[in-house]
Amino acid sequence: MEKIIDENKQGNTLVLDPNKSNSRKLYIESYGCQMNFSDSEIVASILAKEGFNTTQELEDADLVLVNTCSIRDKAEQTVRKRLEKYNAVKRINPKMKVGVLGCMAERLKDKFLEEEIVDMVVGPDAYKDLPNLLEEINEGRDAMNVILSKDETYGDISPVRLNTNGVSAYVSITRGCDNMCTFCVVPFTRGRERSREPESILNEIENLWNRGYKEITLLGQNVDSYLWYGGGLKKDFEKASEMQKATAVTFSDLLDLAALRFPKMRIRFSTSNPQDMTLDVIRTMAKHKNICKHVHLPVQSGSNRILKAMNRLHTREEYFELIDNIREILPECSISQDMIIGFPTETEEDHKDTLDLMEYVKYDFGYMFTYSERPGTLAERKLEDDVPEEVKKERLTEIINLQQKSSAFRTKAHLNKIEEVLIEGSSKKSDAHWMGRNTQNTVVVFPKENYKIGEFVNVKINDCTTATLIGEAVGYSDNN
């Protein structure tokens, strides 16, 4: 499971091709994981070549697209409400067309068309077909393409950066997932796992660097499974030639290549899977200063019985061993988590195992949710959602309270230290303060003085909350 972002993201106005009249307006919103936001940038690039310029005004749009998430019911209900809003505007402007993209489109397919609430349904692997689908709806026909691909990575598309701060950007390196966790819809909505050709990734990073970006996040449902050997699906690697195997690029190789080629570019990545993360990755992180010292390492439960029911192919003991190795190789590394509370058959003892695991790790921060049954998953088909909602909420409260305690413990460890911070923008709470992040991905705020967005600044940490470090700049870092 990836970090869930339940906030509206709108595109910035931009003309991609000065030789083409971008007279039509595209309004695009994204919900869910970071991958969806990255995909929306690919969609904007494809449609810019078709004469669409993005707008932040819904009422001005000729085409409205919502990039959707299916990982929780709440995310789908949010999209349903947004579609009601779009159609209310469409009644005033009948020429406006509405389309659904992404995981929810893949899951529900033609049900959207049957409900007559959208004109177009496009799955995550069909964005290159958007020009053809637009022709269909312009001729008065509903349009749909939800065919999953075994090789599409969009590696040949240069994304249009939406809602950008000009400092940080996402770079997708894999698509799909082969880990069939029983609670997760991703393998069904995004298909089999495949990796993007490494040189195309490095070229995209170079383009961002040349445009002044200072930080990139390598994205994938499971980045540690990245494997490029000149072929397609990872599962076919055993059929590869000896030459292909000998020259294969793993995720640790890719990190090393990127860090060496762009020594001033900060590099982050998300998401990791405990069963796939190798110590080579941690050693590569330790080797390069510009690879940020943070790992998002979802565990989902601290109970071996529940982990087995989830088809998580690791035990709590193996997870502890991985945590211990990370702490030994990279002591300054921060670790964050995803946790599902109230998975079917979870007992109080299972819950206590999760609390015990959290006490051991003392995560820097985390994303915690009660279990939400997703249609089509193995858990939905085979397991009864039998933990009462009030019990789920009680356990979630305990989990959140413990995480708050651990977060406070971790942030206090930064007090009186001088840390390098990349300025991302103004603080949400004060226009007089900058906001940025340190290498551990912790938010840092400090007075603006004469510094600028995109600069690396050394900040002395004087105070903290459970989520934020507060300090004062003491000069530029040597990374500018």
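Two strands pair if DSSP finds at least two bridges between them. Helices (H or I, at least four residues) and strands (E, at least two) are themselves DSSP runs, numbered from the N terminus. With these terms, Val421 stands opposite Val457 in strand β20, a spot the tour will reach later.

This is a predicted model, in which local features need pLDDT of at least 70 and side-chain atom pairs count only at pLDDT 80 or more, while totals for chains, interfaces and linings use all residues. Residues are numbered from 1 along each chain as its sequence is written, and side-chain values use heavy atoms, with hydrogens and water left out.

**Stop 1: the whole chain**

Show the full chain as a cartoon. It has 15 helices and 21 strands. Its radius of gyration is 23 Å, close to the 23 Å that the globule rule gives for 480 residues, so the chain is as compact as a globular protein of that length. The radius is taken over C-alpha atoms, and the globule rule is 2.2 Å times the number of residues to the power 0.38. Along the principal axes, the C-alpha atoms fill a box of roughly 60 × 55 × 55 Å.

Now switch on the surface. The accessible surface comes to about 20300 Å², and 49% of this belongs to carbon and sulfur atoms. Such areas come from the Shrake-Rupley method with a 1.4 Å probe; for residues, only the protein chains shown count as cover. Of the 480 residues, 57% are buried. Buried means under 20% relative accessible area, exposed over 50%, and partly exposed in between (1.4 Å probe, protein chains only).

Contacts (heavy atoms within 4.5 Å) can be sorted by distance along the sequence. Among those between residues at least 6 apart, 72% join residues at least 24 apart.

**Stop 2: the open sheet**

Select residues 24-30, which form strand β1. How many of its seven residues are buried? Five of them are, so to speak, covered. Add residues 52-54, strand β2, which runs parallel to β1 and is joined to it by three bridges. Lys25 stands opposite Asn53 in β2.

Include helix α1 (residues 34-48) as well: β1, α1 and β2 make a right-handed β-α-β unit. A crossover is right-handed if, with the strands pointing away from the viewer, the path from the first strand over the helix to the second runs clockwise.

Next, select residues 63-68, strand β3, which is parallel to β1 and joined to it by five bridges. Here Ser30 stands opposite Asn67.

Strands β1, β2 and β3 belong to an open sheet of six strands in the order β2-β1-β3-β4-β5-β6, with parallel pairing. The edge strands are β2 and β6 (143-145), each pairing on one side only. On average, neighbouring strands of this sheet are turned by 25° against each other, direction ignored. Angles run from 0 to 180 degrees between N-to-C directions, and axes are lines fitted to C-alpha atoms, for helices over the stretch in contact.

Further along the sheet, three bridges join β4 (residues 97-101) to β5 (residues 120-122), and these strands run parallel. Leu101 stands opposite Val122 in β5. Helix α2 (residues 73-92) packs on the sheet, where it touches β1, β3 and β4. The direction of α2 makes about 175° with that of β3.

**Stop 3: a loop histidine**

Select His314, in the loop between α11 (304-309) and α12 (316-329). Is His314 buried or exposed? At 6% relative accessibility, His314 counts as buried. Leaving aside neighbours within four places in sequence, the contacts of His314 are Pro274, Gln275, Val299, Leu307 and Tyr319.

**Stop 4: the barrel**

Move to the closed barrel of five strands, which runs β17-β18-β19-β21-β20 with mixed pairing. From one strand to the next, the twist averages 55°.

Select residues 456-464 and 468-476, strands β20 and β21, which run antiparallel and are joined by seven bridges. The two form a hairpin with three residues between them. Lys460 has Glu472 in β21 as its bridge partner.

Add β17 (residues 418-426), which pairs with β20 in the antiparallel sense over five bridges.

**Stop 5: Val457**

Finish by selecting Val457, which is found in strand β20. Which residue of β21 is its bridge partner? The partner is Tyr476, while Val421 stands opposite Val457 as well.

Val457 is buried, with a relative accessible area of 0%. Leaving aside neighbours within four places in sequence, Val457 is in contact with residues including Glu419, Ile423, Phe446, Tyr451 and Ala473. To end, draw a line between the C-alpha atoms of Val457 and Gly471: these residues are 14 apart along the chain, and the atoms are separated by 11 Å.
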